[in-house]
Amino acid sequence: MSTAALAQGSWQWFSTYIGVTLLALIFSFYRLPTWIPGLGSTYMRNLAAYSLVVGLCVAITLAPALQRWTWLFPMPGTRSGCPEIGRYEGLRTEAAPASLVGRDSAALAHAQEIQIHDAVADCLSATTTLWLPVYGAGAAVLVGLGAWSLDRARVRKRSAAATRNPARKD
């Protein structure tokens with residue numbers, strides 16, 4: 001629920017802390033059941049839920065970085081409108097107190113700077129929020145495939161060891 005509040009406005013680094021904390025809890029206390037073949041098995045339902053929750057936590061963890069770093073969020077055309085929105089808000093701030101411009105230009109410049117920063121951050125946040133499900137789903141797919149592969153290999157290894165070393169009957 002707290003991440004919903006973080007999504008209102010700019011994504012803050014506290015969401016990274018929340019995501020990492022939730023990931024630590026999941027990895028520390030949750031274990032998938034033993035692999036059982038079949039799409040309708042309990043294992044597959046647990047794997048799907050586990051992967052989706054981990055994907056959500058990864059998305060929450062990455063949200064502030066996605067908002068700030070273009071190399072991590074290289075979606076062409078998604079960020080380009082944000083600086084224009086910032087310039088518009090700066091002009092609106094300048095026009096709003098038109099009768100006070102001559103009195104304190106430093107205060108006006110500071111107010112414009114704050115408005116521009118907030119408008120750009122909100123725009124980037126909204127864009128990031130729109131794309132977070134894609135990053136979360138991608139992380140969920142990778143986690144699901146990784147866990148499934150590791151569990152299958154673990155079961156094969158155990159069954160191979162059991163056939164090489166059968167239990168003795170005395």
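**Exercise 1. Find what share of the chain's residues is buried, and describe how the chain is built.**

Step 1. Start with burial: in this predicted model, buried residues make up 31% of the 170 residues in the chain.

Step 2. Now look for helices and strands. The chain has 5 helices and 0 strands, and reading along the sequence gives the pattern α-α-α-α-α.

Step 3. Next, take the contacts between residues at least 6 apart in sequence: 72% of them join residues at least 24 apart.

Step 4. Finish with the surface. The chain exposes about 11,200 Å², and carbon and sulfur atoms supply 67% of that area.

**Exercise 2. Locate Ser41 and decide whether this residue is buried or exposed.**

Step 1. Follow the chain past helix α2, which spans 14-29, towards helix α3, which spans 42-68. Ser41 sits in the loop between these two helices.

Step 2. Compare its accessibility with the cut-off: buried means under 20% relative accessible area. Ser41 has 12% relative accessibility, so this residue counts as buried.

Step 3. Which backbone oxygens does the side chain of Ser41 reach? One belongs to Gly38, at 3.0 Å. Another belongs to Ile36, at 3.4 Å.

**Exercise 3. Work out the surroundings of Ala65.**

Step 1. Place the residue: Ala65 is part of helix α3.

Step 2. Check the burial of Ala65. The relative accessible area is 5%, so Ala65 is buried.

Step 3. Look for neighbours, leaving aside residues up to four places away in sequence. Ala65 then touches Trp13 and Leu72.

Step 4. Try a pair that is separated along the chain. Gln12 and Ala65 are 53 residues apart in sequence, and their C-alpha atoms are separated by 9.1 Å.

**Exercise 4. Identify the residues that make a nonpolar surface patch of about 410 Å², and examine Trp71.**

Step 1. Find the members on the structure: the patch is made by Trp13, Trp69 and Trp71. You have already met Trp13, as a residue that Ala65 touches.

Step 2. Where is Trp71 along the chain? Trp71 lies in the loop between α3 and α4, and helix α4 covers 81-95.

Step 3. Apply the cut-off for exposed residues, which is over 50% relative accessible area. Trp71 has 64% relative accessibility, so Trp71 counts as exposed.

Step 4. Put two residues side by side: Trp71 is exposed, whereas Ala65 is buried.

Technical notes
Residues numbered from 1 in each chain as written. Predicted model: local features only at pLDDT ≥ 70, side-chain atom pairs only at ≥ 80, totals over all residues. Heavy atoms only, no water. Helix = DSSP H or I, 4+ residues; strand = E, 2+ residues; numbered from the N terminus. Buried < 20%, exposed > 50% of the residue type's maximum accessible area, 1.4 Å probe, protein only. Polar contact = N/O pair within 3.5 Å; in protein donor to acceptor, adjacent residues only side chain to side chain. Contact = heavy atoms within 4.5 Å. Patch = residues over 30% accessible without salt bridge, like charges linked within 9 Å, V, L, I, M, F, W, Y side chains within 5 Å. Areas by Shrake-Rupley, 256 points an atom, 1.4 Å probe, with all protein chains shown as cover. Salt bridge = Lys/Arg side-chain N within 4 Å of Asp/Glu carboxyl O.
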